[in-house]
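Morning, everyone. Let me put the model on the screen, and then I'll walk you through the ligand site and the backbone.

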Amino acid sequence: MPTPATIKLNSGYEMPRVGFGLWKVGNDTCADQVYNAIKAGYRLFDGACDYGNEVEAGQGVARAIKEGIVKREELFIVSKLWNTFHEADKVEPIARKQLADWGVDYFDIYYIHFPVALKYVDPAIRYPPGWGSKIEFSNATIQETWKAMESLVDKKLAHSIGISNFSSQSIMDLLRYARIRPAVLQIEHHPYLVQPRLVEYAQKEGIRVTAYSSFGPLSFAEFNMENADNCPRLFDTPTVQQIAAKHGKSAAQVLLRWSTQQDIAVIPKSDKAHRLAENLDVLSWDLEEADLKAITALDRNLRFNDPLNYGMYVPIFY
Ligand SMILES: NC(=O)c1ccc[n+]([C@@H]2O[C@H](COP(=O)([O-])OP(=O)(O)OC[C@H]3O[C@@H](n4cnc5c(N)ncnc54)[C@H](OP(=O)(O)O)[C@@H]3O)[C@@H](O)[C@H]2O)c1
């Protein structure tokens, strides 16, 4: 049965189930890619301060709006609060800067990127600030940060607010004090990292789940990560290959459909124009129950986007 194109959030807004991921999209091509993705039918753009391309992404959006291809209200623009801006008085100024970079006056959702507060870095000195050459923590608690995130909703700077890279334990705590509940949890999620309990818990709490890095190790090949280099590409596993052949779909589509069929949104990134339509077509056809189970059985509890894998001692997932 086809899955609806959007998913209803606890904030009342509708979020597209398939979006375009902006991590590692180059500054030189980003505006064109966003523009072309809009032309291809994408409405959700998953950005972040940390991706360093919000200005260019905004240029792509502006061009599409100017040409009448889409209206702002038909788009779903996503951004994220970086770790160095967790202190209460830093949240709104940086959100306003990011809005200005995009050239929009509200985000459809604004996430806390990681449950990690790092020492403030003035954007005039370094932007995006990244993790820095040495990890220096800030004392900001998630409660302090969440309260500041809630005030972005009050001020209509964000329609919804969300969390990324949070565990069940940290969500459980946040829900004790949240006046506005997180609308979406964005997590690394692919058949090598299924995290069924985390997904189940978020969904039971009415928090929608968005998967990132749906293709597993592929996105991390460039970082020389030992665990990404030492496991087979998900695309090449006989399970995924056979299921793709059976349905006449690509391996990428099978992996994305495996998520969307579990009510999980996806945000694949591609630099290739010919992959745009392919990655978008993951709602209108179905995998069989046995296919879903076979793909889930590939689980290795293998996480790639872990600060430890980049040599930073921030063991948030343990
Ligand atoms: N919240 C967080 O902490 C966090 C962390 C990571 C990512 N994210 C978000 O999630 C998005 C997606 O994750 P990701 O960028 O890590 O990786 P991804 O979408 O899983 O994979 C991207 C890789 O897959 C390739 N690819 C894309 N479509 C393909 C297709 N149809 N067939 C074959 N190869 C294909 C791309 O190559 P080409 O570009 O050459 O096509 C690229 O190498 C990010 O862009 C970002 O917005 C969030």
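The ligand has 29 residues around it. Around means that a heavy atom of the residue lies within 4 Å of the ligand. Asp46, Ser219, Ser270, Lys272 and Arg275 are the closest.

Before the details, the ground rules. This is a predicted model: local features need pLDDT of at least 70, side-chain atom pairs need 80 or more, and totals for chains, interfaces and linings use all residues. Numbering runs from 1 along each chain as its sequence is written, and side-chain values use heavy atoms, with hydrogens and water left out.

By class, that shell splits into 11 nonpolar, 11 polar and seven charged residues. Here Ala, Val, Leu, Ile, Met, Phe, Trp, Tyr, Cys and Pro are nonpolar, Asp, Glu, Lys and Arg are charged, and the others, Gly among them, are polar. Which helix gives the most to the shell? Helix H10, residues 273–280, with three residues. Helices are DSSP runs of H or I, at least four residues; strands are runs of E, at least two; both are numbered from the N terminus.

Now the polar contacts, meaning N or O pairs within 3.5 Å. The Lys272 side chain puts an N or O atom 2.5 Å from a ligand oxygen. For Ser164, the side-chain distance to a ligand nitrogen is 2.8 Å. For Glu278, a polar side-chain atom is 3.0 Å from a ligand nitrogen. The ligand alone exposes 900 Å², and the protein buries 92% of that. Those areas are Shrake-Rupley, with a 1.4 Å probe.

Two backbone points. Tyr127 to Pro128 is a cis peptide bond, omega near -5°. Pro128 belongs to the loop between strand S6 (107–112) and helix H4 (142–154). Asn165 has a positive phi, near 65°. Asn165 lies in the loop between strand S7 (158–164) and helix H5 (168–177). Most residues other than glycine have a negative phi, and most peptide bonds are trans.

Key. A polar contact is a pair of N or O atoms within 3.5 Å; within protein, one must be able to donate a hydrogen and the other to accept it, and residues adjacent in sequence count only if both atoms are side-chain atoms.
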